[in-house]
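Open your viewer and get comfortable. Here is a short walk through the model, one selection at a time.

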Amino acid sequence: MGTTDLPAIEAERQRIKDAHLRPERPASTARGVHHVALLSSDVERTVRFYQGVLGFPLTEMIENRDYKGSTHFFFDLGNGNLLAFFDFPGLDLGPYAEVLGGLHHLAISVDPGTWRRLRERLDAAGVEYMEESGTSIYFRDPDGARVELLADPLGEMYGNKVL
């Protein structure tokens with residue numbers, strides 16, 4: 001593997017930023033994230049983790065319209081945002097894999113007090129995690145998807161305004 005030309009990468013980042021980041025940003029055409037959908041190999045285990053450990057209330061369970069017998073279920077992430085899951089019984093999809101072009105991680109904002117309580121709940125549940133900068137916790141859900149709990153407010157990241 002060759003060396004990475006960091007100055008060239010920074011120059012390209014700045015070029016793109018100069019070309020596309022507008023000081024007067026127009027309103028988005030979107031209303032928000034309706035839901036992000038992940039896969040679950042075990043519906044009850046997923047519910048126990050996301051509702052029981054993380055405290056995200058289960059809001060509904062329906063049959064997936066695209067695959068008979070599959071359950072489509074939803075958790076409340078606050079602010080009208082949902083985290084959804086599908087199971088696909090009989091398809092043997094295999095384990096989660098992080099791949100280029102796929103999901104790297106899902107970052108969920110929580111207030112700092114909740115962040116500390118959830119870190120304690122992860123400890124109590126025996127969930128391994130990596131803490132970063134005193135505001136982020138990265139861990140894997142029961143199926144291996146990477147999740148981040150971020151104590152920064154929505155629209156901020158590590159003290160930077162991103163929205």
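This is a predicted model, and our tour begins at Asp 152, which is buried yet has no salt bridge. The nearest side chain of opposite charge belongs to Arg 116, 11 Å away. You will find Asp 152 in the loop between β8 (146-150) and β9 (156-157). Now show what surrounds Asp 152: beyond its neighbours within four places in sequence, it is in contact with Ser 109, Thr 135, Met 157, Tyr 158 and Gly 159.

Next, select helix α3, residues 112-125. The 14 residues of α3 reach 20 Å from first C-alpha to last, close to the 20 Å expected at 1.5 Å a residue. At the start of α3, look for a side-chain oxygen of Asp 111 within 3.0 Å of the backbone nitrogen of Gly 113. After α3 comes Gly 126, with a positive phi near 75°.

Which residues of α3 are buried? Colour Gly 113, Trp 115, Leu 118 and Leu 122 to see them. Their cover includes α2 (43-53), β6 (129-132), β7 (136-140) and β8.

Stay with α3 and pick Arg 119, which forms a salt bridge with Glu 131, the closest N and O atoms being 3.3 Å apart. This pair links distant parts of the chain, with Glu 131 in strand β6 and Arg 119 in helix α3, 12 residues apart.

For a last stop, go to helix α1 (residues 6-20), where Arg 15 and Glu 12 sit three residues apart, about one turn of the helix. Their side chains meet in a salt bridge at 2.8 Å, N to O. Arg 15 is partly exposed, at 46% relative accessible area, and Glu 12 is also partly exposed, at 35%.

How values were computed: Residues numbered from 1 in each chain as written. Predicted model: local features only at pLDDT ≥ 70, side-chain atom pairs only at ≥ 80, totals over all residues. Heavy atoms only, no water. Helix = DSSP H or I, 4+ residues; strand = E, 2+ residues; numbered from the N terminus. Buried < 20%, exposed > 50% of the residue type's maximum accessible area, 1.4 Å probe, protein only. Lys, Arg positive; Asp, Glu negative; His and termini not counted. Salt bridge = Lys/Arg side-chain N within 4 Å of Asp/Glu carboxyl O. Contact = heavy atoms within 4.5 Å. Expected span 1.5 Å × (residues − 1). Polar contact = N/O pair within 3.5 Å; in protein donor to acceptor, adjacent residues only side chain to side chain.
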